[in-house]
Amino acid sequence: MDNFTLFNPTKILFGKGQLECMQQEIPAGAKVLILYGGGSVKRTGLLDRVKIALTSFDTVEFGGIEPNPEYETLMKAATLVRAEKFNFLLAVGGGSVIDGTKFIAAAAPFKGADPWMIPSQRAPISEAIPFGTVLTLPATGSEMNCGAVITRRSACMKLGFSSTLLYPRFSVLDPEFTFTLPERQTGNGIVDTFVHVTEQYLTYPDDALIQDRWAEGLLLTLIQEGPKALKSPQDYHARANLMWASTLALNGYIGAGVPLDGASHKIGHAITALYGIDHARTLAPVLPALLTVMKDEKRAKLLQYARRVWCLDCADEDAAIDEGILRTSAFFESVGVPVHLSAYHLGTEVVGRVLENLTRTGMTAIGENGTITPDKIEKILNIAL
Ligand code: NZQ
Ligand code: ZN
């Protein structure tokens, strides 16, 4: 295990009724911009509850942040924040609204020529508007991390950025807010969380025993609780465990001091940039294909995964590894997320286009060892078809 510095200032307000405690976390007299997505929070009544919880503040709403949040929309909000001098932001939604809010928080006070430089040139963020979140979709972990991903469809680019200034001040995690999720989004959240864990776990052994056991605990929880939430959307305990799993999967704990892969996400982001497919639905075909292609480099951890997560007999190592990968695919399918790109109406043309996109954004030596090069990406995409 390498040296690490772990810093996570986000305060978590977990459970029923925590929304009403949120006001204590916002500075008195703050002028608050409430940000939300395409309208689910209006339909579920959550937006009204948020407004009631914030009656002691001056609030304005900004809706319409898309899934895979769009730079142009976010810039409209950033311009509003600057013009009207909002000094606190509240994201109410899933990863897209939270990531969009992170960009707005950084873009509004940005002094450079164009805030697009933040994701495209890694322009440093020296200032950010403080913000909190009310999570409605457990998946991305954005509610307790300082990273974000935004999209510029006109340039076919989906790019990430991060800054320690972009941790939410607080996040309200009430599992009841996820009762209204459509099956598709529940399944997406389970798969996204699963892949976040495997990208920090299925690398090579590094004597990080606690991170390994944490990772395995999160995977086993997803396998056990995911189907329950799909069968009974109002199962509070299943929803609560899924919510906490997704937050812990990407808040820095299981990744502290260990090798990190990240390649499935990079390939997935290119697919979304080109075809607009849901984030998790790009990962479900790519991860199993990547594990197959990288089987030799990841051998020791794939065996550990087969043994501890899928309880497989590993006397025949190759058979156990292959079965572990097959079970992964079968699990994704069982939560309603197809594992072939063809299921999303993509054909062989995807291979060249994704390779071109990754080359353009400098992603040509990815994975924990930097060994996932274009030839391997091509193999991965061909298997993923
Ligand atoms: O937009 P509304 O109308 O609110 O509907 C949303 C949206 O259509 C709906 N939804 C959310 N909560 C709901 C609900 N519908 C009913 N009831 C609820 N309680 O779900 C749809 C998808 O929402 P979205 O926020 O796009 O999904 P998700 O949370 O999966 O976020 C995906 C985005 O996060 C990025 C992805 O790349 C993608 O852009 N990620 C962010 C990360 C981070 N910041 O650390 C890491 C991840 O790997 C990921 O890259
Ligand atoms: Zn993800």
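In the predicted model examined here, His265 is placed in helix H9, which covers residues 263-275. The relative accessibility of His265 is 11%, and the residue therefore counts as buried, since the cut-off for burial is under 20% relative accessible area. Two polar contacts involve the His265 side chain. One, of 3.4 Å, is made with the side chain of Asp192. The other joins the side chains of His265 and His196 at 3.0 Å. When residues up to four places away in sequence are not counted, His265 touches Asp192, Val195, His196, Glu199, His279 and Leu283. Both polar partners, Asp192 and His196, are thus included in this set of touching residues.

Helix H6 spans residues 183-201 and contains Gly187. Gly187 is buried, because its relative accessible area is 0%. Apart from residues up to four places away in sequence, Gly187 touches Leu230, Val335 and Val337. A separation in space was also computed for Gly187 and Ser40: these residues are 147 residues apart in sequence, and their C-alpha atoms are 17 Å apart.

Helix H7, formed by residues 209-231, contains Glu216. Although glutamate is counted among the negative side chains, Glu216 is buried, with a relative accessible area of 2%. Beyond its neighbours within four places in sequence, Glu216 is in contact with Tyr201, Gln304, Arg308 and Val309.

Val309 also enters a comparison of sequence and space with Phe161. The two residues are 148 residues apart along the chain, and a distance of 32 Å separates their C-alpha atoms. Phe161 belongs to strand S7, residues 157-162. With a relative accessibility of 6%, Phe161 counts as buried. Its contacts, with neighbours within four places in sequence left aside, are Lys102, Phe103, Ile118, Pro119, Ile125, Cys146, Gly147, Ala148, Ile150 and Leu166.

Strand S7 is preceded by a loop that connects it to strand S6 (147-152), and Cys156 lies in this loop. The backbone of Cys156 is notable for its phi angle, which is positive, at about 55°, although the residue is not a glycine. Most residues other than glycine have a negative phi. A positive phi is likewise found at His345, where the value is near 65° and the residue is again other than glycine. His345 is located in the loop between helix H12 (317-334) and H13. The relative accessible area of His345 is 73%, and the residue is therefore exposed, as the cut-off for exposure is over 50%.

Helix H13 itself comprises residues 349-360 and includes Arg353. Arg353 has a relative accessible area of 37% and is therefore partly exposed, a class that lies between the cut-offs of 20% and 50%. Once neighbours within four places in sequence are set aside, Arg353 is in contact with Leu274 and Tyr275. Residues 263-275 form helix H9, so that these two contacts of Arg353 link helix H13 to the helix that holds His265. Arg353 and Lys85, which are 268 residues apart in sequence, are separated by 42 Å in space, C-alpha to C-alpha.

The chain as a whole has 14 helices and eight strands. Its 385 residues would give a radius of gyration near 21 Å if the chain were a compact globule; the chain has 20 Å, and the two values therefore agree. Along the principal axes, the C-alpha trace spans about 65 × 45 × 45 Å. Buried residues account for 58% of the 385 residues. Among the contacts in the chain with a separation of 6 or more, 78% are between residues 24 or more positions apart.

The accessible surface of the chain amounts to about 15500 Å², and carbon and sulfur atoms contribute 53% of this area. With respect to charge, the chain carries 35 positive and 41 negative side chains. The centres of these two sets lie 5 Å apart.

Technical notes
Residues numbered from 1 in each chain as written. Chains lettered and ligands numbered in written order. Predicted model: local features only at pLDDT ≥ 70, side-chain atom pairs only at ≥ 80, totals over all residues. Heavy atoms only, no water. Helix = DSSP H or I, 4+ residues; strand = E, 2+ residues; numbered from the N terminus. Rg over C-alpha atoms; globule rule 2.2 N^0.38 Å. Buried < 20%, exposed > 50% of the residue type's maximum accessible area, 1.4 Å probe, protein only. Contact = heavy atoms within 4.5 Å. Areas by Shrake-Rupley, 256 points an atom, 1.4 Å probe, with all protein chains shown as cover. Charge placed at Lys NZ, Arg CZ, Asp CG, Glu CD. Polar contact = N/O pair within 3.5 Å; in protein donor to acceptor, adjacent residues only side chain to side chain.
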